[in-house]
Amino acid sequence: DLVEGLAARRAQILARATAVVTPSHYLEGIVRQWPGVPPDLRTIHNGVDLADYPERRPVPLGGRALRVLFVGRLTNWKGAETLLLATRALGGIEVRIVGDGPELPILSTLAAQLGCPASIRFLGRQPETEVRAGMLDCDVLVLPSGYEGLSHTLLEACAAGLVPVVSDIGGNREVIADGVDGLIVPYGEPAAIATALDRLACD
């Protein structure tokens, strides 16, 4: 009943629409399949204000740990558990997980059970200013999710000068060229994330 109700509501909205705008070509392809979509269907990518982010120059690690950041709601499709599993064999990295959600107790238990050599900290939900400051203090953003239209977090991390490691889904490829702007890994494969992080720790 709920799905039918949502479909009916969508049909009502589309019947009155003269144009539909999506934030990624990936979502445009999905919306194009909806019945009743007007011919004027276009993509306008999400953006961030670069003035909010100071210029950042590459700095060698100098022996310190690689700082890895995850930002997102802790739900099962965001893939934070994949990042945790990737750290099992990785020393010399520090993982900061920013966000809250229903998976937090499970993720906290998993981190304790893994006995990872990496340092893992759960920082909870934070205001935008603190998230931005945290980005400027880290080296890598890991976005291992199973669905992304066009992630604001990814754009913000790029603006902050982080190297993104992202899953090969949704609109991520519209932001990242693998090996150029960041690293793209298969969704749901901890070993691929571990390989990417090990590569970045040595680069």
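Let's begin with one residue, Tyr26, which counts as partly exposed because its relative accessibility is 30%. Keep in mind as you look at it that this is a predicted model. Tyr26 sits in helix α2, which covers residues 25-31. Together with Ile30, Trp77 and Tyr147, Tyr26 makes a nonpolar patch of about 380 Å² on the surface.

Now step back and take in the whole chain. You can find 7 helices and 8 strands in it. Along the principal axes, the C-alpha atoms fill a box of roughly 60 × 40 × 30 Å. Of the 203 residues in the chain, 42% are buried. The chain exposes about 10900 Å², and 54% of that area is supplied by carbon and sulfur atoms.

How do distant parts of the sequence come together? Take the contacts between residues at least 6 apart in sequence: 61% of them join residues at least 24 apart. Thr82 lets you see some contacts up close. This residue belongs to helix α3, residues 80-86, and Thr82 is buried because its relative accessible area, 6%, is under the 20% cut-off. Setting aside residues up to four places away in sequence, Thr82 touches Pro144, Gly188, Glu189, Pro190 and Ile193.

Strand β7 offers another place to look. Val163 lies in this strand, which spans residues 163-167. With a relative accessible area of 30%, Val163 is partly exposed. Beyond its neighbours within four places in sequence, Val163 is in contact with Asp139, Val140, Leu141, Gly182 and Leu200. Ala7, on the other hand, is 156 residues from Val163 along the chain, and the C-alpha atoms of the two are separated by 39 Å.

Next, let's turn to charge. The chain carries 18 positive and 24 negative charges, and the mean positions of these two groups are 2 Å apart. Some charged side chains pair up, and the structure holds 10 salt bridges. One of them joins the side chains of Arg64 and Asp139, with N and O 2.8 Å apart. Arg64 is in the loop between β2 (41-43) and β3 (66-71), while Asp139 is in the loop between α5 (128-136) and β6 (140-143), so this pair ties together parts that are 75 residues apart in sequence. Which partner is buried and which is partly exposed? Arg64 is partly exposed, at 29% relative accessibility, whereas Asp139 is buried, at 13%. You have met Asp139 already, since it is also one of the residues that Val163 contacts.

Another salt bridge links Glu94 with Arg96, and their closest N and O atoms are 2.7 Å apart. Glu94 is buried, with a relative accessible area of 17%, and Arg96 also counts as buried, at 10% relative accessibility. This pair is part of a wider arrangement: salt bridges that share partners connect Arg67, Glu94, Arg96, Arg121 and Asp137 in one network.

For a last stop, find Asp168 and Arg173. They form a salt bridge in which the closest N and O atoms are 2.7 Å apart. Asp168 is partly exposed, because its relative accessible area of 38% falls between the 20% limit for buried and the 50% limit for exposed.

Note on methods. Residues numbered from 1 in each chain as written. Predicted model: local features only at pLDDT ≥ 70, side-chain atom pairs only at ≥ 80, totals over all residues. Heavy atoms only, no water. Patch = residues over 30% accessible without salt bridge, like charges linked within 9 Å, V, L, I, M, F, W, Y side chains within 5 Å. Areas by Shrake-Rupley, 256 points an atom, 1.4 Å probe, with all protein chains shown as cover. Salt bridge = Lys/Arg side-chain N within 4 Å of Asp/Glu carboxyl O. Helix = DSSP H or I, 4+ residues; strand = E, 2+ residues; numbered from the N terminus. Buried < 20%, exposed > 50% of the residue type's maximum accessible area, 1.4 Å probe, protein only. Contact = heavy atoms within 4.5 Å. Lys, Arg positive; Asp, Glu negative; His and termini not counted. Charge placed at Lys NZ, Arg CZ, Asp CG, Glu CD.
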